[in-house]
Amino acid sequence: MLRYLALKIGRALFVVWAAFTLTFVLLFVLPADPVDLLFDPAEVNSVPPEVRAQVAASYGFDRPVILQYLTRLGHALTGDFGTSVQSGRPVVATILDVLPSTLLLAAGALALALVIAFVIALAATSARRPWVRDLVEALPSGAVSVPVFLSGILMLQIFSFRLGWFPAFGDEGARSLVLPLITLAIPVSGPIAQLLVRSFATEFRSGYVTTSWAKGATRGGIVVRDVFRNASLPALTIAGITFGNLIAGSVITETVFARQGVGRMTQAAINTLDVPLVQGTVVLVAVGFALINLIVDLIYPLLDPRLRAALATG
Amino acid sequence: MTVGLDAFTAGRRPGLARPIARRLGELARQPILVASWIVVLVVIGWAVAPGLFTSYGPYAGDAAASFSPPSAEHWFGTDRLGRDLFARSVYGAQTTLTATLLAVLIAFGVGTLVGLIAGFAGGIVDTAVMRVIDVFLAIPSLLLAMVVVSVLGYSTQNIALAVGISSIASFARVMRAQVLSVVTQDYVKAAYGLGVGRLGVMLRHVVPNSLSSVIALAALEIGTAVLAVASLGFLGYGAPPPQPEWGLLVAEGRDYVAVHPWASILPGAALAVVVIATHRISTSYRKDHRR
Amino acid sequence: MTDPHADRQDPLLRITGLVIDYRTGRRRWTPAVRGATLHVGPGEFVSLVGESGSGKTTLVQGALGLLPESARIRAGSIAYSGVDVTGWNDRRMALVRGNYVGFIPQDPNTSLNPVKKIGQQVIEAVRFNEPDARDAARHRQAALDSMRTAGLTDAERVFHQYPHELSGGMKQRALIAIALAGKPKIIVADEPTSALDVTVQKVILDHLVRLREELGIGVLLVTHDLGVALDRSDRILVMRDGEIVEEGPVRRVLENAADDYTRRLLDAAPARHAGRLEPASGRRPLPGREVLRARGLTKTYRLRGRGPRRELRALDGVDLVVREGTTHAIVGESGAGKSTLASILAGFTSPDHGTVHLGDRELTGLSRGRLREIRRDLQFVFQNPFTSLDPRFTVAEIVAEPLRAFGLARGRRERTARVTELLKAVALDERHLHRLPGQLSGGQRQRVAIARALALNPKILVLDEAVSALDVSVQAQILRLLVDLQAEYGLSYVFVTHDLGVVRLIADDVSVMKDGVVVETGPVEHVFRSPRHDYTRRLLEAIPGAGLAVAGAR
């Protein structure tokens, strides 16, 4: 068990470290002159050489790459990702400012996406007519096919401009959260629903379900008592993908609805080539991904006795 | 009696090679699949010969006809500069589809090769490759693509490259999983037992039997890549404004969505229809190849 | 239809003229059961025998209302004690299942919910069928009783265990407990022991017989194994292509089968034959010198993780000698190490200690290239012909693969000629050349696998459970083919099997394995007549079809 724990934590730390290194290479080593990135592209050619040298020195760009890397890594370990070029504030503080708004949006969308996915899976499992089932099973594929920016604009058009039920932009109050939440939940629900539909169907055909029928159980009872738990477990295995979809979706959702958040901030950071802020965001996302996978790895054995047994002896 | 009793189990599995006529017959019973193929073929037509599908040019506008609603003359209406939005969508197909194709080719080519090497070599090579893949999976592909584009510079080719790079990991993972499962099959062990060399086993047995699910993924990935390319275009990382590109078209129309909704919704809907169609086709391919 | 004496005369289960179709296309239905009629009375043990594809499982599923969605009952009726339940929906059938008819499924390994404790799964079965009593303690007691009745002596402990913590036999007992929990009048068992070892099979089947006697319930046993059916049933039914072709008391069927197919099945049963099969060509080659000798083979698998019990000793000092032109059978139950042994002999796995000599060449510790040379003399045939042939290759490509690998039979025409010759040797022909494995039956596939193994003119074939996945009648043909090929080409076989009955048909020598050790070895006649080891004796006793052998000898 301890071995398992150590392995999983080690893997999570490795992912975060590697994400840091990857972004370092991408953002600080690959560009011809990283100092260029620190200035407004329109003005970059008019900057006097002394200023460039000064800026380069203050960011440590004049030192060997490996030293720069080690210094940055050392700082990052203490939670210091430097200062945002645009705002001049520490990267971590800048991110923490907008993080709650995104967390709220993402958590809400995830909850809604799970509800949608389970409703679809249960509907597909209990549908008796083949055409109804086909229709329900086609929904997840539609959900991932419609671009977020289109569904967002449709939501705006229908519920804000036509019906006036919800505000179109901004992030004031719960009402402003409704449309972004639905917009984000739809594509996130797609892959989960596809997986659940498949695993519900597989489990429903499995041997122990036959045993339950033979015991005299009813269809509803079998779904609740037998299929639900066994079929839901696989959904945990795509937690990482779901997390990625939430992040990617929130970038666009926040842009469409002009909401404050990590996604929109990242977009702004990339537009202005705010390198430290971009690196900080990517590492933060990698931390989130690693954490989610770590949590899944830790709770999975609690939910599946077979895995628990394998670990107890190992 | 010798051969006769074999008929017990014979003929229960349908043959793999079905006559084309029967395939067409099956297709005829799936109108949605047929419609999907038509959509995809039409859009490919847009990309190859846009002039055949519209008499308007993508750039020439009639300022007097700014924001005309959809009509028989302008199917998707016109934009602020009075350019025909249907024409711009048709011409935009070229930009978006070329980028998509390039992205999928990069991801498929590199990912499949990496997955094959990792799965077939095993051991430390496999472990190393898998850890690297973990890292690429840890950064959501849109985010990774944004970072890559920011380094390479904004352009459609770079979008294609970025989307391709960010999808390598998923291809590598699927290919590796397939290779690992094929390698344990009896027929692979049998081939070794018959004296076939390692390279022969890999090329003759492992690759062909692993590829089918990766091809299914590629079919699915085309839809996903269209979305990714359009999303990056929407966010403004692609072709500069006068050029027609699907994501950009939606972004341009978005500022006027309250008053002129069609200007963003119709090009966006065209995009959604294409993605849905590719998904439908890839689903039917996967169903066909499930044994 | 109305019988004045319905109350007294109705059997527990009566199926009349049942026709079940499967949907095989739009508006296309293919019958799987064509007008089957059967009945099971109180305290009666009835067996339904059939090979794969005979429709026996579909018939049982129909009786329990457990048909998959793609199937439908077109005609006929199913009645439990005179109550016609045909066409009942799930809600009504739920009252019959468990309560009136208990079901024991085929594979105990997949038939229990993996994330629930056994006790809870048995309690559910009690509760569904006793809805009034809401007393949890009583349910628990009833569940424990049912588990003890099913032969789980340590019921209290098993109650708190998960399925993966139990052996296959224990799981099957838990499933019997579940079937008994609703106090049914009849139990339907669908191949309840085909996933289990013979010794376990015997115990489970004996227990079913005892339950019938003690509880007076009726039993309907579905099996592919005629021996199993004949040993224990009052009556047997033989099913073929969806029809019941033979019905009658065991004795009558044994001595005077009415149907031609039944007689063929009886003849195909290994237990029917007292001695070794003789090749069609007549004389067997005289046993020659040693061709294969293994000495002190040991193989230990390290399991993941650390700790004292992290090792699995698959083989422990195994010796083996194969004489030219003979068959040496290796027998054992699952986990005996026989597959590891086969794998080492074929050069797929290397042993930790010990040597394998092929003639005067040592096979162990060879480089890949040298091993490849030896493959020309030693070939391997896998258990499952459905997985050992690449699904993308045609028969011609499959059989030609070793020829290509060794650069033999160059040129298309020469190669096709050689492939055709090989196919003819295994009783196939040119018509099969361009088929894919998916278009062949199980028996045909195994023939292709054998033809492929023969392509290099090897001296020795290692056959790992090569007939175990096949139906009895097909199995008999493949065994006969192997015997003929041995006589024709002077082949030596290492024949790995779990089925002692088959050993007698094909082997000259036999080694009995248990827990990685050879417990007994010697000529087949010897070992069968006077087994020295206790385990061998138990294995021999567990072979189903003792009655069959007696009748056959008569």
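This passage walks through a predicted model of three chains, A, B and C, from overall confidence down to single residues.

To start with the scores, the model comes with an ipTM of 0.82 and a pTM of 0.81. For chain C, the mean pLDDT is 86, and 93% of the residues reach 70 or more. The start of that chain is another matter: over residues 1-7 of chain C, pLDDT stays under 50, and the model has 2 contacts beyond four places in sequence for this stretch. Where pLDDT is low, the predicted coordinates should not be read in detail.

Chain B is built from 10 helices and 0 strands, so to speak a plain run of α-α-α-α-α-α-α-α-α-α when read along the sequence. Of its 291 residues, 53% are buried. Among the contacts in chain B with a separation of 6 or more, 68% join residues 24 or more positions apart.

Chain B also meets chain A, with 36 residues of chain B in contact with 39 residues of chain A. On the chain B side, helices H4 (123-138), H5 (141-152), H8 (198-234), H9 (246-254) and H10 (262-288) each put in at least two residues. H10(B) has the largest share of that side, at 10 residues. Sorted by class, the side of chain B that touches chain A holds 25 nonpolar, 8 polar and 3 charged residues.

The contact between chains A and C involves 22 residues of chain A and 30 residues of chain C. Here helices H9 (207-215), H10 (219-237) and H14 (305-313) of chain A each supply at least two residues to the side that touches chain C, and H9(A) gives the most, with 7 residues. The class make-up of this side of chain A is 6 nonpolar, 9 polar and 7 charged residues.

Turning to the interior, the largest nonpolar core has 342 residues, and those with the most contacts inside it are Ala19(A), Ala286(A), Val229(B) and Val494(C). Helix H3 (residues 85-121) of chain B brings the largest share of this core, 17 residues. Ala19(A) shows how the chains come together there: leaving out residues up to four places away in sequence, Ala19(A) touches Val282(A), Val283(A) and Ala286(A) as well as Val135(B), Ala138(B) and Ile139(B).

Ile247(A) tells a similar story from helix H11 (residues 239-256) of chain A. Ile247(A) counts as buried because 24 other C-beta atoms lie within 10 Å. Beyond its neighbours within four places in sequence, Ile247(A) is in contact with Val285(A), and with Pro140(B) and Leu143(B) across in chain B. Ile247(A) and Leu103(A) sit 144 residues apart in sequence, yet their C-alpha atoms are 9.9 Å apart in space.

In chain C, an antiparallel hairpin comes early on. Strands S1 (residues 13-25) and S2 (residues 28-40) of chain C pair over 10 bridges in the antiparallel sense, with Gly25(C) opposite Arg28(C) in S2(C). There are 2 residues between the strands, and Arg27(C) takes a positive phi near 60°.

Further along chain C, 4 strands make an open, antiparallel sheet in the order S12-S11-S14-S15. Strands S12 (311-323) and S15 (361-362) of chain C are at the edges with a single partner strand each, so one side of each has no neighbour in the sheet. S11(C), residues 290-302, pairs with S12(C) over 9 bridges in the antiparallel sense, and Arg293(C) has Val321(C) in S12(C) as its bridge partner. Helix H12 (residues 338-345) of chain C packs on this sheet, touching S11, S12 and S14 (353-358) of chain C, and its direction makes about 120° with that of S11(C).

Last comes helix H14 (residues 395-405) of chain C, which is largely enclosed by the rest of the structure because 8 of its 11 residues are buried. The buried residues of H14(C) include Val395(C), Ile398(C) and Val399(C), along with Glu401(C) and Pro402(C). Their cover includes helices H7 (186-193) and H8 of chain B, together with helices H15 (412-425) and H16 (442-454) of chain C. Just after H14(C), Gly407(C) takes a positive phi of about 65°.

How values were computed:
Residues are numbered from 1 along each chain as its sequence is written. Chains are lettered from A and ligands numbered from 1 in the order in which they are written. This is a predicted model: local features need pLDDT of at least 70, side-chain atom pairs count only at pLDDT 80 or more; totals for chains, interfaces and linings use all residues. Two residues are in contact if their C-beta atoms, placed from the backbone, lie within 7 Å. Ala, Val, Leu, Ile, Met, Phe, Trp, Tyr, Cys and Pro count as nonpolar, Asp, Glu, Lys and Arg as charged, and the others, Gly among them, as polar. pLDDT is the predictor's confidence in each residue, from 0 to 100. A nonpolar core is a set of buried Ala, Val, Leu, Ile, Met, Phe, Trp, Tyr and Cys residues joined through C-beta atoms within 7 Å. A residue is buried if 20 or more other C-beta atoms lie within 10 Å of its own, exposed if 12 or fewer, and partly exposed in between; C-beta atoms are placed from the backbone. Two strands pair if DSSP finds at least two bridges between them. Axes are lines fitted to C-alpha atoms, for helices over the stretch in contact, and angles run from 0 to 180 degrees between N-to-C directions.
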